[in-house]
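Hello,

Here is the structure I promised to pass on. Have a look at it first, and then read my notes below.

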Amino acid sequence: MANSSSISLSQVYQAHHYNAYHIIPLNFDTVRELPETHAWPPLDKDNDVSLSSFSSSGDGHDHQVKVPVIDLSSDDAREMVGRGCETWGTFQVINHGVPLKVLESMESQCRLLFSLPTHEKMKALRPPDGASGYGLPRISCFHSKLMWIEGFTIMGGSSSLLQLAPKLFPHNYTTFCEVVEEYNEEMRKLAERLLPLMMDSLGIPTDRLPWHWPTPTTTTTETNSTTYTALQLNSYPPCPDPNRAMGIAPHTDTSLFTILQQTQPSTGLQVLRDGVGWAPVPPVSEALVVNIGDLFHILSNGRFPSALHRAVVDRTHHRYSVGYFYGPPIDINIFPLLDPPRYRSSRGWWQGSRFGQWRGGGAVDLYRERSCGSGQSLGGEAVYDDPSSYKLVSARNHWTGVAGAAPEAAIFDDPSYPRCVLRTRSPVVAYTIDLTTVS
Ligand SMILES: O=C(O)CCC(=O)C(=O)O
Ligand SMILES: [Fe+2]
């Protein structure tokens with residue numbers, strides 16, 4: 001239940017300033033070549049599932065390289081959803097009940113927004129201490145190279161929408177607002193259909209969720225008892241050198257789960273499956289992608305792993321995506337609902353961001369209680385709770401696909417909150433880090 005001494009997300013963000021370099025996207029209209037600031041090491045093709053032995057063997061291993069597409073109207077939907085969550089942390093849904101018109105309207109508003117001249121979009125720039133507005137994804141600050149993306153974030157519903165829309169569309173912002181409101185409403189309905197299926201496949205009744213469920217459908221503010229959501233519009237313009245550019249760097253979402261709409265025709269989204277590689281999540285007509293986020297990872301005690309995903313860019317196609325981040329009320333304690341618990345209780349949405357890990361894939365590692373197996377970390381640094389209990393066994397660099405290049409030694413830098421920070425030498429990698437418990 002919501003804690004009385006609630007801390008709002010904006011308070012957390014105020015404590016984590018970003019500088020303009022990590023907020024302002026490139027002016028894509030004016031660039032003809034990939035600037036050095038946006039040139040990442042070449043993409044790791046060897047770790048691409050389309051080249052792996054699984055895909056060429058033709059011996060029925062398709063399910064290992066293909067993200068499942070689930071018909072939500074079918075009798076086995078619940079079982080398929082459970083399997084998708086457990087094996088991939090990602091799946092696509094069709095016959096999901098969201099009207100096509102709602103998806104199409106959102107796509108055209110998204111195109112309209114990003115086609116505005118740069119100086120118009122800049123009027124809605126996300127402030128350094130804020131969460132909503134135009135700009136680069138927040139994970140930008142974990143990387144020395146910049147991503148080939150521009151985004152627009154609307155946190156928490158109507159109030160930020162009403163503040164931002166007139167800045168972008170001063171003459172007519174009602175259409176944009178109506179489309180976003182309707183979209184949010186349809187996504188909420190779908191999320192509330194998916195959540196019981198997921199809980200059911202874990203064998204946990206929804207009344208064990210640590211918040212009132214289903215929640216009231218009235219407006220969402222940052223600290224009341226309703227479910228907290230965020231909408232993220234992404235634009236990936238065509239790129240002159242797609243193999244050296246990165247749309248959105250590998251990360252997990254700090255939500256319970258995210259419902260993602262992506263435009264046709266180019267594939268950009270990829271999800272990492274351990275031991276298999278980066279699998280494309282190709283756009284399927286009218287389908288929506290579901291990504292398990294860090295909070296479900298914790299609730300399910302790791303049974304539903306949060307999906308490590310990234311988006312690559314294309315030389316000719318301009319790709320758009322819209323993510324609906326669904327989570328518990330903002331200040332709720334999240335803890336494993338299965339025994340024995342492998343993660344500590346955590347203060348939901350905001351605690352991940354306290355350490356600058358917002359949308360950065362670190363939240364799960366942060367709460368790892370007894371660690372064996374792997375966790376993900378983004379380049380730069382990863383924060384592990386209670387460092388004295390862990391020993392680093394190995395690290396695998398997903399960028400190059402090779403083992404090694406282990407993070408530097410742990411650094412203990414906050415005596416009031418014992419934690420260990422693993423700093424990686426190269427800032428442009430996603431590591432899988434295997435830890436073992438020190439007895
Ligand atoms: O554009 C995509 O496919 C991925 C976007 C994403 O991962 C995000 O907004 O968190
Ligand atoms: Fe994401």
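The protein has an average pLDDT of 75, and 66% of the residues reach at least 70; pLDDT is the predictor's confidence in each residue, from 0 to 100. This is a predicted model, in which local features need pLDDT of at least 70 and side-chain atom pairs count only at pLDDT 80 or more, while totals for chains, interfaces and linings use all residues. Residues are numbered from 1 along each chain as its sequence is written, chains are lettered from A and ligands numbered from 1 in the order written, and side-chain values use heavy atoms, leaving out hydrogens and water.

Please take care with residues 1–9, where pLDDT stays under 50, and with residues 350–387, where the pLDDT is below 50. Where pLDDT is low, the predicted coordinates should not be read in detail.

Now to the inside. The largest nonpolar core (buried Ala, Val, Leu, Ile, Met, Phe, Trp, Tyr and Cys residues joined through side-chain atoms within 4.5 Å; buried means under 20% relative accessible area, with a 1.4 Å probe and protein chains only) has 63 residues. Phe152, Leu194, Met198, Leu233, Phe257 and Phe296 touch the most other members. Domain 1 (9–332) and domain 2 (334–437), with bounds from an automatic or database domain assignment, both contribute residues, so this core lies between them.

Lastly, the cysteines: there are 0 disulfides, counted as pairs of cysteine sulfur atoms within 2.5 Å. For Cys110, the nearest cysteine sulfur is that of Cys177, 15 Å away. Cys110 is buried, at 1% relative accessible area, and Cys177 is buried too, at 8%.

Best wishes

Technical notes:
Buried < 20%, exposed > 50% of the residue type's maximum accessible area, 1.4 Å probe, protein only. Contact = heavy atoms within 4.5 Å.
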